[in-house]
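Visitor: I should be grateful for a close look at one part of this structure, namely its salt bridges, and at the setting in which they are found.

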Amino acid sequence: MRAHDIGSSLFWLVFSVLVCMSSIWLGIGSLHQPSAGLWSFGASALLGILSLGLFIQAFLKPKAIRTESTHAPNLPSKVILVLVSMALYAKFMQTIGYLLASFLLTGFLFWLAGVRKWWSILLLAFLSAFVSYLVFSVWLNCQFPRGLFGF
Amino acid sequence: MGYFEHIFYGFQVLLDINNLAACAIGVLIGTLVGVLPGIGPIGAVAILLPATFKASATSSLILLTGVIYGAMYGGSTTSILINIPGEAASVVTCLDGYQMARKGRAGPALGIAAWGSFIAGTFSVILLMFVANPLAKMALSFGPPEYFSIMCCGVVMLTFLARGSTLKAIMMALVGLIIGSVGLDLISLSPRLTLGLQELEDGVGMIPVAIGLFGVAEILENIDQSMATKDIFKTKIGGLWPSLEDWAASKWAIARGTVIGFFCGIIPGGGGLLSSFASYGVEKKMSKHPEKFGTGVIEGVAAPESANNAAVGGSLVPLLSLGIPTNATLALLYAALVIHGVHPGPFFISSNPNVFWAFVASMYLGNVLLLVLNLPLIGLWVQILKIPYRMLLPLIALFCIIGVYGVSSSSFDLLVMVVFGAFGYLMRKFGYEAAPLILACVLGPMAETAFRQSMILSRGSMMIFVTSPISAVALGIAFLLLFSTVLPAVKKRVMKYREFEE
């Protein structure tokens, strides 16, 4: 956890500096006449101070010998694939429509989750997309995009 | 007419088949929504809103409120059985509920959650009925300094309750304040921290942030764990009726949870999340064995579950008597009523006695229905949850998407959800908690407005926060909480120093 704390505290330190700079650019004003940047400046300045505190705390902590990885946790490929697939869904749902986008996404996620028979994947993906469409769009009038193909 | 005549009149209106059906369907959908991770009451109310357009105002109010308190009830099921809060107010139930399930005591945990919810829900309706006007008047007398101090107290309380490092919890609360400040400045109308994106000018949506941090991050974490180590559905659920020992341990937790929940519900920004954390914190502090909290004690389930149900009744006080929704879910409820031509406010009860008293009666009936239908139906909810995880994962992802898209119809919000999902996943890996961030994110804009108004009122003097008794007490509590967190560490250092000197 020591390496993680050092890494994350540095990240938050950089983040707080960036927010502080943005807040100053917006204008801080005074306590009497607070401007748009005062609140975010105060929060980010405090965050910066606490990040430094965490960094010092982690730095002074004795090193554990061979009990922890010195690297930040790696993003496993499955995590990246889920994130990318969901981001692509968000990007293209309006274009290809809810039904098709949901069919493709759930199909991919079922495959990723370990379902290997292609007909199972197709059936489960179809049922998930169609039933959710039926319940939320047809029954409950939730407005989903129809997309290029009109469904 | 006295209260009893009013409530009798309310039951007469409720006996209309449409209102009865709305009550039953509302609590059942609410429970299902609470059971299924990813969709919270906000998403459910948003999705159901168009479906109520054909119904009357009374039926709509009964149905949508049934969804809200039904979700509070249902959220405990997933918190206890799979350590995933069905909705934000059940986050704290995971701490002891899941540990109880791991110890083979899922039945008593589910049972006390149901009974606690029923008792607290019923008492909160009684409190709503009797004390709505005086409490609303008191809340009305709060000015910006009081609001600011109470909100500060809420955030500090949450960081104080963090399981891990308090320092990291405070840092997350500050990150939440920064995220909450994204968007147009309410006074100067200049865009803040929007990265030049027009979509962020309305601020970062709370629903995509919450669903990302809790729902998507949970999916990612379980994918990461390759599903082999996920400890779910292995516990046997039996003996839903809590034992006498369980009742003895829980009775005061339920009583305190009811009172705390109801009053936290009245506070703007309070509601289920704050009330459940506050009641858990109070219970932990008052317990003879605080060290056992988090390891599976029944008070740790009874208190938050009672509180979050009581908070629903409390949060309806300012909505119905002042016309002020205190959280996003109630804002949607407010919108639903306005669409039906009913305007919540000081004249709401006198102008629409049929709506108000039927609604109060429906909450009595709804709480009974939740208990009568759902304790026997726990098997059904468990069957829903027993679907193999690989089948559940894509469905949870789909529900998360529907929950976000159903509210805003915005693809951008889906991207925000994905980004916060990745962020939530990394937060878990680095030992940061999401709950302080969420609460600060919700309270941030309100706290900022209150702070700036206070500063303008006092001409820049911070003394305004201590001259008002309510504000001074709230800030005092916040400082005491912070001090009590720092004190053990300081004591430890002093002890070490003395040992070193000797």
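Guide: The account below takes the salt bridges within chain B, then the interface of chain A and chain B, and ends with one further acidic residue. The model is a predicted one, and every value quoted is computed from it.

Chain B provides the setting for much of what follows. The chain holds 20 helices and two strands, and 60% of its 502 residues are buried. Contacts in chain B often join parts far apart in sequence: among those between residues at least 6 apart, 77% join residues at least 24 apart.

Over all chains, the count comes to eight salt bridges. Side chains of opposite charge can pair when their charged atoms come close. One such pair is R192(B) with E448(B), whose closest N and O atoms are 2.6 Å apart. R192(B) belongs to strand β2 (residues 191-192) of chain B and E448(B) to helix α18 (residues 435-458), so this salt bridge ties together parts that are 256 residues apart in sequence. Are these two partners buried or exposed? R192(B) counts as buried because its relative accessibility is 4%, under the 20% cut-off. E448(B) has a relative accessible area of 6% and is therefore buried as well.

E448(B) also forms a salt bridge with R452(B), at 3.1 Å from N to O. Both E448(B) and R452(B) lie in helix α18 of chain B, four residues apart, which is about one turn of the helix. An α-helix has 3.6 residues a turn, so residues three or four places apart point the same way. R452(B) is likewise buried, with a relative accessible area of 5%. The pairs do not stand alone: D185(B), R192(B), E448(B) and R452(B) are linked in a network of salt bridges.

A further salt bridge of chain B joins D246(B) and R105(B), with 2.9 Å between the closest N and O atoms. D246(B) lies in helix α10 (residues 244-266) and R105(B) in the loop between α5 (93-102) and α6 (106-140) of chain B, so the pair ties together parts that are 141 residues apart in sequence. The burial of the two partners may be stated separately. D246(B) is buried, at 7% relative accessibility, whereas R105(B) is partly exposed, at 30%.

The interface of chain A and chain B may be considered next. In the model, 61 residues of chain A are in contact with 63 residues of chain B. The area buried between the two chains is about 5,300 Å², and carbon and sulfur atoms give 81% of this area. W12(A), W39(A) and M86(A) supply 14% of the area that chain A buries against chain B, more than any other three residues.

How many salt bridges does the rule find across this interface? It finds one across the interface of chain A and chain B. In that salt bridge the side chain of K168(B) meets that of D5(A), at 2.6 Å from N to O. The residue pairs in polar contact between chain A and chain B number five, with both residues at pLDDT 80 or more. On the side of chain A that touches chain B, α1 (2-26), α2, α3 (77-96), α4 (98-112) and α5 (118-139) each supply at least two residues. Helix α2(A) gives the most to that side, with 12 residues. The residues of this side of chain A divide into 40 nonpolar, 19 polar and two charged.

Helix α2 of chain A spans residues 38-60 and has 23 residues. From its first C-alpha to its last, α2(A) reaches 33 Å, close to the 33 Å expected at 1.5 Å a residue. The buried residues of α2(A) include L38(A), W39(A), A43(A), L47(A) and L54(A). W39(A) is thus one of the buried residues of α2(A) and one of the three residues that supply 14% of the area chain A buries against chain B.

Finally, E299(B) may be placed in helix α12 (residues 299-322) of chain B. E299(B) counts as buried because its relative accessible area is 11%. Leaving aside neighbours within four places in sequence, E299(B) is in contact with A249(B), A253(B), E283(B), H289(B), F293(B) and P304(B). E299(B) and L273(B), which are 26 residues apart in sequence, are 17 Å apart in space from C-alpha to C-alpha.

Conventions. Residues numbered from 1 in each chain as written. Chains lettered and ligands numbered in written order. Predicted model: local features only at pLDDT ≥ 70, side-chain atom pairs only at ≥ 80, totals over all residues. Heavy atoms only, no water. Expected span 1.5 Å × (residues − 1). Buried < 20%, exposed > 50% of the residue type's maximum accessible area, 1.4 Å probe, protein only. Contact = heavy atoms within 4.5 Å. Buried area = accessible area lost by both parts, 1.4 Å probe. Salt bridge = Lys/Arg side-chain N within 4 Å of Asp/Glu carboxyl O. Polar contact = N/O pair within 3.5 Å; in protein donor to acceptor, adjacent residues only side chain to side chain. Nonpolar A, V, L, I, M, F, W, Y, C, P; charged D, E, K, R; others polar.
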